[in-house]
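Work through the exercises below with the model open beside the text. Try each task before reading its solution.

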Amino acid sequence: MEPEGLERRCPRLGGDVAFGYCKVCGEGRTPCFKVFDCWWERFDVVAHMQACLSPDAFDALSARRPQPKMTSLVDLIRQAQARASQD
Ligand code: SF4
């Protein structure tokens, strides 16, 4: 699935935006710092961004996220992925 065309209401802008916009609307065409929070219910945005970004860029994006709840979710996903790769 290519999620770039998916749309949702942007809580920052107040109108509909496509996921493709969210991927590049940050400073220097980086992803929006809320990209995980806004899209996790629609598709596996963590895996998608991990596949699209370098490890350093993904870590930087994860660190920019403001809500501790979603940070915990990413941490849980990483822990599950680490466990799965060890099996
Ligand atoms: S990720 Fe950013 S630009 Fe995209 S909908 Fe959420 S707040 Fe808006």
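Five exercises follow, each with a worked solution.

This is a predicted model, in which local features need pLDDT of at least 70, side-chain atom pairs count only at pLDDT 80 or more, and totals for chains, interfaces and linings use all residues. Residues are numbered from 1 along each chain as its sequence is written, and side-chain values use heavy atoms, with hydrogens and water left out.

**Exercise 1. Confidence**

Task: State the average pLDDT of the protein, and find the elements with the lowest and highest mean.

Solution:
- Start with the term: pLDDT is the predictor's confidence in each residue, from 0 to 100.
- The protein averages 90, and 93% of the residues score at least 70.
- Next, the elements. Helices (H or I, at least four residues) and strands (E, at least two) are DSSP runs, numbered from the N terminus.
- H5 has the lowest mean pLDDT, 80. Strand S2 (residues 16-18) has the highest, 98.

**Exercise 2. Salt bridges**

Task: Count the salt bridges and say which parts each one ties together.

Solution:
- Apply the rule: a side-chain nitrogen of Lys or Arg within 4 Å of a carboxyl oxygen of Asp or Glu. The count is 2 salt bridges.
- One joins the side chains of Glu4 and Lys23, at 2.6 Å from N to O. Glu4 lies in the segment before strand S1 (7-9) and Lys23 in the loop between helix H1 (19-22) and helix H2 (35-39), so the pair ties together parts 19 residues apart in sequence.
- Check burial (buried is under 20% relative accessible area, exposed over 50%, partly exposed in between; 1.4 Å probe, protein chains only). Glu4 is partly exposed at 27%. Lys23 is buried at 15%.
- Another joins Arg78 and Asp59, at 3.0 Å from N to O. Arg78 sits in helix H5 (residues 68-86) and Asp59 in helix H4 (residues 55-64), so this pair also links parts 19 residues apart in sequence.
- Arg78 is partly exposed at 29%, and Asp59 is partly exposed at 40%.

**Exercise 3. Ligand shell and cysteines**

Task: List the residues around the ligand, sort them by type, and count the disulfides.

Solution:
- Collect residues with a heavy atom within 4 Å of the ligand. They are Cys10, Pro11, Arg12, Val17, Tyr21, Cys22, Cys25, Cys32, Lys34, Val35 and Cys38. H1 and H2 are the elements that give two or more residues to this shell.
- Sort them: Ala, Val, Leu, Ile, Met, Phe, Trp, Tyr, Cys and Pro are nonpolar, Asp, Glu, Lys and Arg charged, and the others, Gly among them, polar. The shell divides into 9 nonpolar, no polar and 2 charged.
- Look for cysteine sulfur pairs within 2.5 Å. The count is 0 disulfides.
- Check two cysteines for burial. Cys22 is buried at 8%, and Cys38 is buried at 13%.

**Exercise 4. Helix faces**

Task: Find the buried residues of H3 and H4, and say how they are arranged around each axis.

Solution:
- Use the arc of the directions from the helix axis to the C-beta atoms.
- In H3, Val45, Val46, His48 and Met49 are buried. They fall within an arc of 165 degrees, so they line one face of the helix.
- In H4, the buried residues are Phe58, Leu61 and Ser62. Their arc is 100 degrees, so they too line one face.
- The face of H4 turned away from its buried side carries the exposed residues Asp56 and Ala63.

**Exercise 5. Phe43**

Task: Locate Phe43, and decide whether Phe43 is buried or exposed.

Solution:
- Phe43 is in the loop between H2 and helix H3 (45-52).
- Its relative accessibility is 10%, so Phe43 counts as buried.
- Compare Phe43 with Met1: they are 42 residues apart in sequence and 9.2 Å apart in space, C-alpha to C-alpha.
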